Amino acid sequence: MQAERIARRVRTVYGLTNTLAAPLTAGAPVLKAEALFAIRHEMATSVADVLSQRLRLTLLCAGGGSEAVAAVAGMLARELGWTTGERD
C-alpha cells in the first residue's frame, strides 16, 4: 500500500514516531503528523477545519473522511485542552 510506504519514508527522513508517521485512518492518504501540524502550526481549531480545509479529506476519501473524525477530535482535545463534552 502506498500510504504505508510513505509512512516508512517519513519515519526515516523526519525521525517521526511510528504513531505520527502512520496514516490518519486506514487507507487515508495523509499521516497523523499532518493533522497534528495543522492543529499546532496552521491554527486549525475544529474537526471540519482539519479534515476539509487543511487535509482535504472531504474531497480525497470516500465518505468524506468521516472515519477520521474521532482521531482528529482526539488530537484537537489534547492540543487545545478540550473537555470530554467539547470533544464529543
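Just after helix 5, G81 takes a positive phi of about 70°. This comes from a predicted model, and the helix that ends there is a good place to start reading it.

Helix 5 covers residues 69-80, which makes 12 residues. From its first C-alpha to its last it reaches 16 Å, close to the 16 Å expected at 1.5 Å a residue. Its buried residues are V72, A73, G74, M75, L76 and A77. What do they pack against? Their partners are helix 2 (32-41), helix 3 (47-54) and helix 6 (84-87).

That packing leads us to the nonpolar interior. The largest nonpolar core has 18 residues, and those with the most contacts inside it are L24, V50, L51, L55, L57 and V72. Helix 2, helix 3 and helix 5 are the elements that give two or more residues to this core, and helix 5 gives the most, with four residues. If you would like one residue to look at from this group, try L55: leaving aside neighbours within four places in sequence, L55 is in contact with L24, V30, E34, A35, V50 and L60.

Now for the charged side chains. Side chains of opposite charge can pair when their charged atoms come close. How many salt bridges does the structure hold? There are three, listed here with their closest N to O distances.

| Salt bridge | N to O distance |
|---|---|
| E79 and R40 | 2.9 Å |
| R54 and D49 | 2.9 Å |
| R54 and E42 | 3.9 Å |

Take the pair of E79 and R40, whose side chains meet in a salt bridge. E79 lies in helix 5 and R40 in helix 2, so this pair ties together parts that are 39 residues apart in sequence. E79 is partly exposed, with a relative accessible area of 32%, and R40 is also partly exposed, at 49%. Next to E79 in the chain is L80, and the C-alpha atoms of R40 and L80 are separated by 9.2 Å, although these residues are 40 apart along the chain.The other two bridges meet at R54. The side chains of R54 and E42 form one of them; R54 lies in helix 3 and E42 in the loop between helix 2 and helix 3, so the pair ties together parts that are 12 residues apart in sequence. R54 counts as partly exposed because its relative accessibility is 32%, and E42 counts as partly exposed at 32%. Is D49 buried or exposed? At 15% relative accessibility, D49 counts as buried. Salt bridges that share partners join E42, D49 and R54 into one network.

Conventions: Residues are numbered from 1 along each chain as its sequence is written. This is a predicted model: local features need pLDDT of at least 70, side-chain atom pairs count only at pLDDT 80 or more; totals for chains, interfaces and linings use all residues. Side-chain values use heavy atoms; hydrogens and water are left out. The expected span of a helix is 1.5 Å times one less than its number of residues. Buried means under 20% relative accessible area, exposed over 50%, partly exposed in between (1.4 Å probe, protein chains only). Contact means heavy atoms within 4.5 Å. A nonpolar core is a set of buried Ala, Val, Leu, Ile, Met, Phe, Trp, Tyr and Cys residues joined through side-chain atoms within 4.5 Å. A salt bridge is a side-chain nitrogen of Lys or Arg within 4 Å of a carboxyl oxygen of Asp or Glu.
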